[in-house]
Amino acid sequence: MNEIPEITGMRGYASLSVVIFHFFALGLSIRILPVSSMITSWDSGVDFFFVLSGFLLSIPFLQSGKSYSLKKYYLKRIFRILPVYYLNLVVIGMILIITNYATIQQLVAGLFFAQSFSQTT
């Protein structure tokens with residue numbers, strides 16, 4: 001079983017609700033819309049997205065009769081996530097440095113996943 005389209009669709013709606021919620025929470029949209037109270041209650045979209053993602057990621061391990069390599073699993077995840085993470089860090093990091101919203105120290109902390117240990121973050 002490679003993909004469950006229904007769950008993938010629900011993950012899409014959950015992630016879209018998170019994006020829309022953040023636009024409203026950051027004040028980037030008009031709050032006088034009649035649906036604004038409904039949209040601001042979509043803060044559970046992140047939880048829903050993570051529950052669905054956890055279920056989908058566990059499927060290969062739960063299939064009976066098949067062995068699945070943890071090494072292969074983690075390598076696939078690393079090569080899927082890290083390139084986008086580092087691209088985002090470079091692009092957004094440069095914008096934040098140019099606009100004086102971040103420092104080089106903060107970006108270096110992000111480079112090594114040490115944001116929690118940096119005093120400036």
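1. F113 sits in the segment after α5. For a residue other than glycine its backbone is unusual to the eye of a checker: phi is positive, about 55°. F113 counts as partly exposed because its relative accessible area is 46% (buried is under 20%, exposed is over 50%, and partly exposed is in between, using a 1.4 Å probe and protein chains only). Helices here are DSSP runs of H or I with at least four residues, strands are runs of E with at least two, and both are numbered from the N terminus.

2. Before going on, a word on what you're looking at. This is a predicted model, where local features need pLDDT of at least 70 and side-chain atom pairs count only at pLDDT 80 or more, while totals for chains, interfaces and linings use all residues. Residues are numbered from 1 along each chain as its sequence is written, and side-chain values use heavy atoms, with hydrogens and water left out.

3. How confident is the predictor? The pLDDT (its confidence in each residue, from 0 to 100) averages 82 over the protein chain, and 80% of the residues score at least 70. Among the elements, α4 has the highest mean at 92, and helix α2, residues 36-39, has the lowest at 63. Where pLDDT is low, the predicted coordinates should not be read in detail.

4. The layout is easy to hold in your head. The protein chain has five helices and zero strands, so along the sequence you simply read α-α-α-α-α. Of its 121 residues, 18% count as buried.

5. Helix α1 covers residues 5-25, and A14 is one of its residues. A14 is buried, since its relative accessibility is 3%. S17, also in α1, is buried too, at 9%. A polar atom of the S17 side chain lies 2.7 Å from the backbone oxygen of A14, which you can check on screen as a polar contact (a pair of N or O atoms within 3.5 Å; within protein, one must be able to donate a hydrogen and the other to accept it, and residues adjacent in sequence count only if both atoms are side-chain atoms).

6. Two C-alpha pairs link α1 to later parts of the chain. A14 and S44 are 30 residues apart in sequence but 8.5 Å apart in space. V19 and G45 are separated by 26 residues in sequence and by 9.3 Å in space. V19 belongs to α1 and is partly exposed, because its relative accessible area is 43%, whereas G45 in α3 is buried.

7. Helix α3 runs over residues 45-62, which is 18 residues, and spans 25 Å from its first C-alpha to its last, close to the expected 26 Å (1.5 Å times one less than the number of residues). Its buried residues include L52, S53, L56 and I59. An α-helix has 3.6 residues a turn, so residues three or four places apart point the same way.

8. Which residue does the side chain of S53 contact? That partner is R11: the two side chains make a polar contact at 3.1 Å. S53, in helix α3, is buried because its relative accessible area is 10%.

9. Helix α4 carries I92 and covers residues 70-98. I92 counts as partly exposed, given its 38% relative accessibility. I92 is also one of the members of a nonpolar surface patch, along with L87, V90, V91, M94, I95, L96, I98 and Y101; together they have about 920 Å² of accessible area. For patches, residues need over 30% relative accessible area and no salt bridge, with like charges joined within 9 Å and nonpolar side chains (Val, Leu, Ile, Met, Phe, Trp, Tyr) within 5 Å. A salt bridge is a side-chain nitrogen of Lys or Arg within 4 Å of a carboxyl oxygen of Asp or Glu, and the areas come from the Shrake-Rupley method with a 1.4 Å probe, with only the protein chains shown counting as cover for residues.

10. Next, the loop between α4 and α5. N100 lies there, with a positive phi of about 60° although it is not a glycine. N100 is exposed because its relative accessibility is 68%. T103 is in the loop between α4 and α5 as well, but is partly exposed, at 36%. The C-alpha atoms of T103 and G93, ten residues apart along the chain, are separated by 8.7 Å.

11. Last, helix α5, residues 104-111, which holds L107. Is L107 buried or exposed? L107 is buried, with a relative accessible area of 19%. From its C-alpha to that of I92 is 9.8 Å, with the two residues 15 apart along the chain.

Definitions and conventions. pLDDT = per-residue confidence, 0-100.
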